[in-house]
Amino acid sequence: MELLVATAIGIMTAAGLYLVMRLRSFPVILGIALLTYAVNVFLFASGRLSVGAPPILRDGVEVYADPLPQALVLTAIVISFGMTAVVVMIALGAYLGSSDDSVNDAETDEDETEGAT
C-alpha cells in the first residue's frame with residue numbers, strides 16, 4: 001500500500017513539474033494543481049495509512065488514524081481551490097488582453113537585450 005501511494009506521489013510530482021516548465025499558461029496551471037494534489041496525498045500519507053480505523057480515540061480502540069493530517073489536507077484543498085480560481089482568472093485576463101497565452105514575453109526579452117548592448 002505504501003509503495004503504491006509513494007509511486008502515485010512521484011508520478012504526480014513528475015507530471016506537475018513537467019507541466020509547470022511548459023511555456024503556456026494552461027499547462028502551468030494544471031501542473032501547479034498536480035503539485036498541490038501530490039502534496040495533499042503526501043500529507044495524508046504522513047498520518048500513517050490505516051484502513052477502517054476511526055480518526056478519534058475511543059474506549060477499546062487500539063489502532064486509530066491521526067486526524068491532524070486529515071485536517072491539514074482538507075484545509076489545503078480549500079486553499080488550493082481558491083488559489084487555482086484566482087490564477088485561472090489572472091491567466092484568462094492576460095490571454096484576453098494580449099491574445100496569447102505564452103508565459104514568456106518575446107517583446108520584453110528583445111527590449112532587455114537591446115538595452116544591455
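How many helices and how many strands are there in the protein chain? Let's begin there, since everyone has the structure up. The answer is four helices and zero strands. If you read along the sequence, the pattern is α-α-α-α. Please keep in mind that this is a predicted model, and that residues are numbered from 1 along the chain.

Some totals for the chain, before we go into detail. The protein chain has 117 residues, and 17% of them count as buried. Its accessible surface comes to about 8700 Å², with 69% of that belonging to carbon and sulfur atoms. Then there are the contacts in the chain with a separation of 6 or more: residues 24 or more positions apart account for 50% of those.

Now to the helices. Two packed helices are described by the angle between their axes and the distance between the axes. Let's do that for two pairs.

The first pair is α1 and α2. Helix α1 covers residues 2-20 and helix α2 covers residues 25-45. Their axes come within 7 Å and cross at roughly 155 degrees. Angles over 145 degrees count as roughly antiparallel, so α1 and α2 are roughly antiparallel to each other. As for the hand of the crossing, it is left-handed. Which residues of α1 and α2 make the contact? On the α1 side you can find V5, I9, M12, T13, A15, G16, L17, L19 and V20. On the α2 side look for P27, V28, L30, G31, I32, L34, L35, Y37, A38, V41, F42 and A45. Sorted by character, the residues of this contact between α1 and α2 are 18 nonpolar, three polar and no charged.

While we are on α1, have a look at A8, which is found in this helix. Is A8 buried or exposed? It falls in between: its relative accessibility is 33%, so A8 counts as partly exposed. A8 and V41 are 33 residues apart along the chain, and their C-alpha atoms are separated by 8.7 Å.

The second pair is α2 with α3, where helix α3 runs over residues 67-98. Here the axes are 9 Å apart and the packing angle is about 175 degrees. By the reasoning we used before, α2 and α3 are therefore roughly antiparallel to each other. From α2, the residues involved are S25, I29, T36, N40, L43 and F44. They meet P69, Q70, V73, A76, I77, S80, T84, V87, V88 and A91 in α3. The residues of this contact between α2 and α3 divide into ten nonpolar, six polar and no charged.

Two residues of α2 are worth pointing at on the screen. One is I29, found in helix α2. Its relative accessible area is 11%, and therefore I29 is buried. Leaving out residues up to four places away in sequence, I29 touches T84, V87, V88 and A91. For V87 we also have a C-alpha separation from I29: 7.3 Å, with their positions 58 residues apart along the chain.

The other is S25, also placed in helix α2. With a relative accessibility of 18%, S25 counts as buried. Which residues does S25 touch, not counting those up to four places away in sequence? They are A91, D101 and V103.

Let's finish in the loop between α2 and α3. V51 is found there, and V51 is exposed, with a relative accessible area of 75%. C-alpha to C-alpha, V51 and V63 are 9.9 Å apart in space, and they are twelve residues apart in sequence.

P55 lies in the loop between α2 and α3 too. Its relative accessibility is 36%, so P55 counts as partly exposed. Where its contacts are concerned, setting aside neighbours within four places in sequence, P55 is in contact with A65, P67 and Q70. The C-alpha atoms of P55 and L68 are separated by 9.2 Å, and these two residues are 13 residues apart along the chain.

To recap: we have four helices and zero strands, with α1 and α2 roughly antiparallel and α2 and α3 roughly antiparallel. Thanks for listening, everyone!

Definitions and conventions. This is a predicted model: local features need pLDDT of at least 70, side-chain atom pairs count only at pLDDT 80 or more; totals for chains, interfaces and linings use all residues. Side-chain values use heavy atoms; hydrogens and water are left out. Axes are lines fitted to C-alpha atoms, for helices over the stretch in contact, and angles run from 0 to 180 degrees between N-to-C directions. Angles under 35 degrees count as roughly parallel, over 145 as roughly antiparallel, 65 to 115 as roughly perpendicular and the rest as oblique. A crossing is left-handed if the near helix is turned anticlockwise from the far one by less than a right angle, and right-handed if clockwise. Contact means heavy atoms within 4.5 Å. Ala, Val, Leu, Ile, Met, Phe, Trp, Tyr, Cys and Pro count as nonpolar, Asp, Glu, Lys and Arg as charged, and the others, Gly among them, as polar. Buried means under 20% relative accessible area, exposed over 50%, partly exposed in between (1.4 Å probe, protein chains only). Accessible areas come from the Shrake-Rupley method with a 1.4 Å probe; for residues, only the protein chains shown count as cover.
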